[in-house]
Amino acid sequence: MFETPSPQDQAAVDKAIETRRSMRAFLPTPVPRATIEEILRVAARAPSGTNTQPWQVHVLTGAAKERLSARILAAHNDPAELSTHNQEYAYYPVEWASPYIDRRRKVGWDLYGLLGLAKTDRAGMHAQHGRNYKFFDAPVGLMFTIDRVMQQGSWLDYGMFLQSIMIAARGHGLHTCPQAAFTQFHRLIAEELSLPPAQMLVCGMALGYADREAVENTLQTERAAVAEFTRFLED
């Protein structure tokens, strides 16, 4: 714990962080349960205020995952049914401002451009968005819930836990895609997973081996330079 990391150790950590990307196409190759458990064990070392550890994880594979996907997709593809589903919490701002709206638009159009979807292709965009609910064909779907009594600080803790999962997955040669898209269907998910009323859906996540041949997985999002978001105060 207290030893100075070797250059190889440093490089491994940096590589895991820098190669984490949201993949949107996965191979059907199964992920052993032992691997999933090991990833979650390591990720559970994420910090949380006074060690509250507010995360609860629901791992879906096989028929359980397919059943949930089918139910959500049925709602997603039925306009009348879709109109009855709303997010339980606001993930995005109600009013957007620059540079955030600019970044949001760019990543969206960059992805649709790779997929050959024009701005007017609403059906194509709807179908692509629907792939979220199949976990982009990943063999493992994760659902994350939190007790409703927990407050904003615990949600900050949760973000560090999610990041830890995604980084630990890279150490096993796996990729992920964190998915807020599931939050719109929190009622269906609560029913399908038999969640108690005290638990609230945070998000979902796809986990598996990325399809290297899928064009959507070539998307490389931009990041602002350190100088754009950092101030050094010395005097």
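Here are some questions and answers about the sheet and the nonpolar cores of this predicted model.

Residues are numbered from 1 along each chain as its sequence is written. Local features need pLDDT of at least 70 and side-chain atom pairs count only at pLDDT 80 or more, while totals for chains, interfaces and linings use all residues, and side-chain values use heavy atoms, without hydrogens and water.

Me: Happy to start with the sheet: in what order do the four strands lie?
Reply: Strands here are DSSP runs of E with at least two residues, and helices are H or I runs of at least four, numbered from the N terminus. Two strands pair if DSSP finds at least two bridges between them. The sheet is open, its pairing is antiparallel, and the order is 1-2-4-3.

Me: Which are the edge strands?
Reply: An edge strand in this sheet pairs on one side only. That describes strand 1 (56-60) and strand 3 (175-179).

Me: Nice, and which residue of strand 2 is the bridge partner of Val57?
Reply: Strand 1 and strand 2 pair in the antiparallel sense over five bridges. In strand 2, the partner of Val57 is Phe144.

Me: Which helix gives the most to the largest nonpolar core?
Reply: A nonpolar core joins buried (under 20% relative accessible area, 1.4 Å probe, protein chains only) Ala, Val, Leu, Ile, Met, Phe, Trp, Tyr and Cys residues through side-chain atoms within 4.5 Å. The largest has 25 residues, with Phe144 and Met205 among those with the most contacts inside it. Helix 2 (33-43), strand 2 (140-147), helix 7 (152-171) and strand 4 (199-208) each supply at least two residues. The one giving the most, with seven residues, is helix 7.

Methods:
Buried means under 20% relative accessible area, exposed over 50%, partly exposed in between (1.4 Å probe, protein chains only).
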